Amino acid sequence: KILIDGDKTVAAFGYKNELAQVIINILNNAKDEIEKKGENQNIIIKISKSDKCALIEIEDHAGGIDEAIIDKIFEQYFSTKTDEKGTGIGLYMSKMIIEDGMNGKIEARNKKDEFGNNIGAIFTIKLPKEDSIICK
């Protein structure tokens, strides 16, 4: 189940179809990880804004991203999938769309419990609210 929380009236400058593809890619990756766990987990999308940027956070509770690879997930051809589904293009292209095409920023981090264990991944997308702004 996908839950959407926050300000649903935030406007950002960019390409809506490309942004939709980035969000779909992140959601599909989260869905794949949730299915691997075999549990019924939620995906939460939080929408907010700062003075100059619109923020979208996509959070799952699928165990997070292995700390040994978290710095590599946006690299071209890097994939954690061992079958033909994993090309290593999805998150790389998402980064190119957001950062090169829309003057934004995309980042991933793990959400941890009170004991420091990974409980899920959080992808944060920052997009400019005006054409002349860069969100980094």
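This is a short tour of one sheet and the two helices that lie across it.

The model is predicted: local features need pLDDT of at least 70, side-chain atom pairs count only at pLDDT 80 or more, and totals for chains, interfaces and linings use all residues. Residues are numbered from 1 along each chain as its sequence is written, and side-chain values use heavy atoms, with hydrogens and water left out.

Start with the open sheet of five strands, ordered β1-β2-β3-β5-β4 with mixed pairing. Its edge strands, each pairing on one side only, are β1 (2–6) and β4 (105–112). Neighbouring strands are turned by 20° against each other on average, direction ignored. Helices (H or I, at least four residues) and strands (E, at least two) are DSSP runs numbered from the N terminus; two strands pair if DSSP finds at least two bridges between them.

Select β1 and β2 next: they run parallel, joined by five bridges, and Leu-3 stands opposite Ile-44 in β2.

Move on to β2 (43–49) and β3 (53–60). This pair is antiparallel, with seven bridges, and a hairpin of three residues connects the two strands. Find Lys-49, which stands opposite Ala-54 in β3.

At the other edge, β4 pairs with β5 (residues 118–128) in the antiparallel sense over eight bridges. Here Lys-111 has Gly-120 of β5 as its bridge partner.

Now show the helices. Helix α1 (residues 16–37) lies across β1, β2, β3, β4 and β5, at about 20° to β3. Helix α2 (residues 90–101) lies across β4 and β5, at about 125° to β4. Contact means heavy atoms within 4.5 Å; axes are lines fitted to C-alpha atoms, for helices over the stretch in contact, and angles run from 0 to 180 degrees between N-to-C directions.
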